[in-house]
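Good morning, colleagues. I should like to take you through the side-chain contacts of one model, beginning with its aromatic rings and then turning to its charged groups.

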Amino acid sequence: MTSTLQAIEAQWIIQFDLPHVLENHSLIILDSSIHDILPTTEAREKYPDAKRHILEQHALIPGFINTHNHAAMTLFRGMADDLPLMTWLNDHIWPAEGQWVSHEFVKDGTELAIAEMLLSGTTTFSDMYFFPEATAEVVDKAGIKAQLCTPILEFPTAWGSGPTEYLEKTRKLIEQYSEHSRIEIAAGPHAPYTVSDATFTECLKLQQETNCAIQVHLHETQFEVDESLKEHNMRPIERLNRLGVLNKNTQCVHMTALNEDDLKTVQASETHLIHCPESNLKLASGFTPIGTIQEQNINIAIGTDGAASNNDLDMLGELRTAALMAKAVKQDATTFNALDALKAATINGAKALNIQNKTGSLEIRKLADITAIDLSHIHCQPVYDPISQIVYTGRSDQITNVWSEGKLLVKNRELTTLDQTSIIKNAKNWADKIKAAQENQ
C-alpha cells in the first residue's frame, strides 16, 4: 500500500512542550500520524514530494476533544430555554425524548452535531445518549473519534426496559467495537439521583471486566447534594467513592457544588473532572471552582454538554468561557490562563478518555488530529501571542481545515465526509414535526 505524505506549512504551530509556539514551521503527516515537525525551509528540502497545504496566516493546534455531549439533542436546540435544570428535564426534555427519540432521530441529530463540531475544530467527542449504535454509525461515516457512553438509568426509555437491559446492551457494544480504531464504548450511569447503588455496582463490575470508562453527571447542583444528604446521609461523591465508582477510569461531569472533602476524594481517586461552563451558566447550576481544583492537581477537561442546554457545540467558545469564569470565581486574573484552557480542551481531554498516547497534542508519532485556525481576521490583530489570541479572540468561523488521523475532514470550511445540505434539511424536517405536535397538544 502506498504511503501518503502531507506537509502543512503554518505561521505558528502550538505545542505543550517548550517552546509552546513554533513560528514558520511545517507539520509532516505520514498516512495517519505526525511524522515530523521542522522549519518550513527545511521541510521543503527534506520532503519535496509531500502534498503541501500552505496556511501562511494560520496556527495549528490539536483537534479539540469535547469530553461531554448529548449529540442527538441538537434536534432539541432552543426548544426549552431559560428554565432551571429540574424543570427543564422533568417538564420538557424527558417528555420530548419519550415522544421523539428513536434510531432515526439519533442518527439525524448526531449528523447535525458532528457537522457542527467538525466545522468548529473538534476531532474527538464523548457522547452520552440513547441508541449509541446509531451514533456509532455516523461516527464511523464521518471520520471523527468518539467515546460513546451508554445511558444507564433505573427506569425504561425508548432504548430499553431498565438497567439490566442497558447493561446487557453495553456489554454487547463493547464487544462489537473492541477492534474499532475510532470508537470506544463506555458505561454512562446518568446521575446519583437516577441510578441505584446496585446499578452503580454493576457498572463498576463491567468496568473491571472490560476496562471500559464510566462517565456520570455528579454534583451538578447544590440541590442534588442536599437531596443526597437527606436520602443517603452522605454527599454524592462520598456515596460513589464508597461504592468504588470513583477511579482513574471515571469521568465526573459538572461538579459545581464541591467542598474541601469532595476535592480530596476526587484527587485521591484520580478521577477526571469534566467542566461544562456554558451549560452550567445557562441552567444556573453553579460555578465549578476551577482555580481551587487546579491547586489539587485534578485533571480538568472541557465539554460543551448538549445543544439543548448550551446551545452550541463550539469548543472555542467553551474554553474561553471556562478561562474567564475561573478567574472571576477565584478572584484571581492569573487563574486558568490561556494555555491552561487550551490544554483542558485538548490534551486534558485525551487524558480523561485515556487516549493521551494517541492524540491531544501535536507530537511526532501521535495521530494527525489537527485544527487550523486563521489568525488574520481583523479582531485578532495584532498577534503578540497566538495562544492568547486563539483563546480570547478566536471564533469557530476562523477554523478553515481539520484533519482526523491525517484525513482532511474540513477543507476550506467545507465538510468532506458529510452532506451539509441534507443535514440541515433533515433538522428542519424534525423541527416541523415537533412544532406541529406541540401545536396540536
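I begin with a cluster of rings: Phe76, Trp100, Phe105 and Trp430 are linked by ring pairs. Please bear in mind throughout that the model is a predicted one.

Under the pairing rule applied here, there are six aromatic pairs. One of them joins tryptophan 100 to tryptophan 430 in an edge-to-face arrangement, with 6.4 Å from centre to centre and 90° between the planes. In sequence the two residues are 330 residues apart, and the pair links distant parts of the chain. Tryptophan 100 belongs to helix α2, residues 85-100, while tryptophan 430 belongs to helix α16, residues 420-439.

Are these two tryptophans buried or exposed? Tryptophan 100 has a relative accessibility of 17% and therefore counts as buried. Tryptophan 430 is likewise classed as buried, because its relative accessibility is 5%. The threshold behind both statements is that a buried residue has under 20% relative accessible area.

A second pair is formed by tryptophan 159 and tyrosine 166. Their ring centres are 5.9 Å apart and their planes meet at 5°, so this pair is stacked. The cut-off that matters for that label is a plane angle under 30 degrees. Tryptophan 159 is buried, as is tyrosine 166.

Let me return to tryptophan 430 for one further contact. Lysine 433 lies over the face of this ring, 3.7 Å from the ring centre. Tryptophan 430 thus appears both in the edge-to-face pair with tryptophan 100 and beneath the charge of lysine 433.

I turn now to the surface. Which residues form a nonpolar patch there? They are Leu281, Phe287 and Val329, which together have about 260 Å² of accessible area. Leucine 281 is located in helix α10, residues 277-282. With a relative accessible area of 39%, leucine 281 is partly exposed.

The next topic is charge. Side chains of opposite charge can pair when their charged atoms come close. In this model, how many salt bridges are there? The structure holds 21.

Consider arginine 182 and aspartate 140, whose closest N and O atoms are 3.5 Å apart in a salt bridge. Arginine 182 sits in the loop between α5 (163-176) and β8 (183-189), and aspartate 140 in helix α4 (residues 132-142), so that distant parts of the chain, 42 residues apart, are linked. Arginine 182 is buried, at 14% relative accessibility, whereas aspartate 140 is partly exposed, at 41%.

Another salt bridge brings together lysine 145 and aspartate 369, with an N to O distance of 2.6 Å. Lysine 145 is in strand β7, residues 145-152, and aspartate 369 is in the loop between α14 (347-352) and β13 (370-374); the pair therefore ties together parts that are 224 residues apart in sequence. Both lysine 145 and aspartate 369 are buried.

The salt bridge between arginine 395 and aspartate 397 has an N to O distance of 3.4 Å. Here arginine 395 counts as partly exposed, with 40% relative accessibility, and aspartate 397 is also partly exposed, with 39%. Elsewhere, Glu9, Arg44 and Arg52 are joined into one network by salt bridges that share partners.

To close, I would ask you to look again at two places on the display: the ring cluster of Phe76, Trp100, Phe105 and Trp430, and the buried salt-bridge partners lysine 145 and aspartate 369. Thank you for your attention.

Methods
Residues are numbered from 1 along each chain as its sequence is written. This is a predicted model: local features need pLDDT of at least 70, side-chain atom pairs count only at pLDDT 80 or more; totals for chains, interfaces and linings use all residues. Side-chain values use heavy atoms; hydrogens and water are left out. Rings of Phe, Tyr and Trp (its six-membered ring) pair if their centres lie within 6.5 Å; planes under 30 degrees apart count as stacked, over 60 as edge-to-face and the rest as tilted. Helices (H or I, at least four residues) and strands (E, at least two) are DSSP runs, numbered from the N terminus. Buried means under 20% relative accessible area, exposed over 50%, partly exposed in between (1.4 Å probe, protein chains only). A charge sits over a ring if NZ of Lys or CZ of Arg is within 6 Å of the ring centre and within 35 degrees of the ring normal. Patches are made of residues with over 30% relative accessible area and no salt bridge: like charges are joined within 9 Å, nonpolar side chains (Val, Leu, Ile, Met, Phe, Trp, Tyr) within 5 Å. Accessible areas come from the Shrake-Rupley method with a 1.4 Å probe; for residues, only the protein chains shown count as cover. A salt bridge is a side-chain nitrogen of Lys or Arg within 4 Å of a carboxyl oxygen of Asp or Glu.
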